[in-house]
Amino acid sequence: MQDKIFRNDLEFEHIGVAVSSIKECFNIFGNLFELKEDAEIYEDPLQNIKISFINLAGTKIELIEPLDKDKKSPVDNIIQKNISYYHLCFRTKCLEKTILQLVKRGAIEAVKPIPAVAFGNSKIAFLFIKHLGMIELVEK
């Protein structure tokens, strides 16, 4: 019973993609998929990243770029390795409860809950799951 309640609490939010330039990605996606969006770019100094969202064929994609290239950013290593996929993101009603449930199932808490500018300062957290990679949780 508790597992069913837990599964019903999670909603898919977006796919995170690490990029070296959000504006360059707007141009690439615009040319490839005829996107005409001029999406807002958020700056999050707490995480040292810039973030923007696009809708690609009905799927929300989060583009993440380092804010200050002279400081450490969570996407530096991903960009350096020429990998773009960063994480899957899910919304949850109770961030702490969801983290506990996932940790009990083998996830590793990589980033403890912090407020995120792109989500109106709602709390987010990151967990690492073997064979899946990073997932982000956003408290709704």
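Reader: What makes the link between the side chains of Asp9 and Thr98 a polar contact?

Author: Happy to explain! In this predicted model, the side chain of Asp9 lies 3.3 Å from the side chain of Thr98. A polar contact needs a suitable pair of N or O atoms within 3.5 Å, so the 3.3 Å pair counts as a polar contact. The Asp9 side chain also reaches the backbone nitrogen of Lys93, at 2.9 Å.

Reader: Where is Asp9, and which residues does Asp9 touch beyond those up to four places away in sequence?

Author: Asp9 sits in helix H1, which covers residues 2-9. Among the residues Asp9 touches are Arg91, Thr92, Cys94 and Lys140.

Reader: Why is there no salt bridge for Asp9?

Author: Asp9 is buried, and Lys93 is the nearest side chain of opposite charge, 4.9 Å away. A salt bridge has to fall within 4 Å, so Asp9 has none.

Reader: Why is Ala57 called exposed?

Author: The relative accessibility of Ala57 is 81%. Exposed means over 50%, so Ala57 counts as exposed. Ala57 is found in the loop between strand S3 (49-56) and strand S4 (59-66). From C-alpha to C-alpha, Ala57 is 9.8 Å from Leu35, with the two 22 residues apart in sequence.

Reader: What volume does the largest pocket have, and which residues line it?

Author: The largest pocket has a volume of about 250 Å³. Its lining includes Gln47, Pro74, Tyr85, Tyr86, Phe126, Phe128 and Met134. Strands S5 (85-92), S6 (108-116), S7 (122-129) and S8 (133-139) each give two or more residues to that lining.

Note on methods:
Residues numbered from 1 in each chain as written. Predicted model: local features only at pLDDT ≥ 70, side-chain atom pairs only at ≥ 80, totals over all residues. Heavy atoms only, no water. Buried < 20%, exposed > 50% of the residue type's maximum accessible area, 1.4 Å probe, protein only. Lys, Arg positive; Asp, Glu negative; His and termini not counted. Polar contact = N/O pair within 3.5 Å; in protein donor to acceptor, adjacent residues only side chain to side chain. Contact = heavy atoms within 4.5 Å. 1 Å grid on protein atoms, 1.4 Å probe; cavity = no way out; pocket = protein on both sides within 12 Å on 5 of 7 lines; lining within 4 Å. Points joined across faces, edges and corners; volume = space filled by probe spheres on them.
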